[in-house]
Amino acid sequence: NFELALVSLAPPANDVCADATEISLGSVTPGSTFGSVDDSTVWYSYVGDGGIAIVSTCPKFGGDNSYNTYLWLYEDDGISPCGSWPLIAENDNSFGSLCSTILFPTTDGSSYLIR
């Protein structure tokens, strides 16, 4: 004997590029891909300040490496629609673990997407 349950699963609020969650330097932002309909992908946005930025899911930078992550970084080219911006960096499995890290120079006022 068994019981069958049927539940509705809402995707994360930042499941699509147009709904990217804005993040800022110095922040540690919790996230989840649970329920994501786009290949377990969620989106974050960041506006550069002209300095060097590090985006990471690694404990060394405040993340958690118990979940296998892959990061993609895109920069707004002023032409392409959201989700089609040029890829400028990507990373998988930093520091011999499941986490990911990208270090990149930013342009003051430029928009970046992290997937």
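Cys 58 and Cys 99 are both buried, and they pair up in a disulfide with sulfur atoms 2.0 Å apart. Keep in mind that this is a predicted model. The disulfide count here comes to 2, and the rest of this briefing covers those links, strand S3, the largest pocket and one loop serine.

**Disulfides**

- The Cys 58–Cys 99 link is right-handed, with 95° about its S-S bond. Cys 58 sits in the loop between S3 and S4 while Cys 99 sits in the loop between S5 and S6, so this pair ties together parts that are 41 residues apart in sequence.
- The other link joins Cys 17 to Cys 82, with an S to S distance of 1.7 Å. This one is left-handed, at -90° about the S-S bond.
- Cys 17 comes from the segment before S1 and Cys 82 from the loop between S4 and strand S5 (87–92), so their bond ties together parts that are 65 residues apart in sequence.
- Buried or exposed, how does Cys 17 count? Cys 17 counts as buried because its relative accessibility is 10%, under the 20% cut-off.
- Cys 82 is partly exposed, because its relative accessible area is 38%.
- Number the bonded cysteines in sequence order and the pairing reads 1-3, 2-4.

**Strand S3**

- In a regular strand, side chains alternate between the two faces of the sheet.
- S3 (residues 52–56) has a covered face made up of Ala 53 and Val 55. Its uncovered face carries Ile 52, Ile 54 and Ser 56.
- S3 runs antiparallel to strand S6 (residues 101–105), and 5 bridges join the two.
- Across from Ser 56, in S6, stands Thr 101.

**The largest pocket**

- The largest pocket holds about 1,000 Å³ of space. It is lined by 36 residues, and the closest to its centre are Thr 29, Tyr 44, Ser 56, Thr 57 and Leu 71.
- Which strand gives the largest share of the lining? That's S3, with 4 residues.
- Strand S2 (44–47), S3 and strand S4 (70–75) each chip in at least two lining residues.
- By residue type, the lining splits into 17 nonpolar, 16 polar and 3 charged.

**Ser 36**

- Ser 36 is found in the loop between strand S1 (21–22) and S2.
- Its relative accessibility is 15%, so Ser 36 counts as buried.
- Leaving aside residues up to four places away in sequence, Ser 36 touches Pro 12, Asp 15 and Thr 41.

Note on methods:
Residues numbered from 1 in each chain as written. Predicted model: local features only at pLDDT ≥ 70, side-chain atom pairs only at ≥ 80, totals over all residues. Heavy atoms only, no water. Buried < 20%, exposed > 50% of the residue type's maximum accessible area, 1.4 Å probe, protein only. Pairing = 2+ DSSP bridges. 1 Å grid on protein atoms, 1.4 Å probe; cavity = no way out; pocket = protein on both sides within 12 Å on 5 of 7 lines; lining within 4 Å. Points joined across faces, edges and corners; volume = space filled by probe spheres on them. Nonpolar A, V, L, I, M, F, W, Y, C, P; charged D, E, K, R; others polar. Contact = heavy atoms within 4.5 Å. Disulfide = S-S within 2.5 Å.
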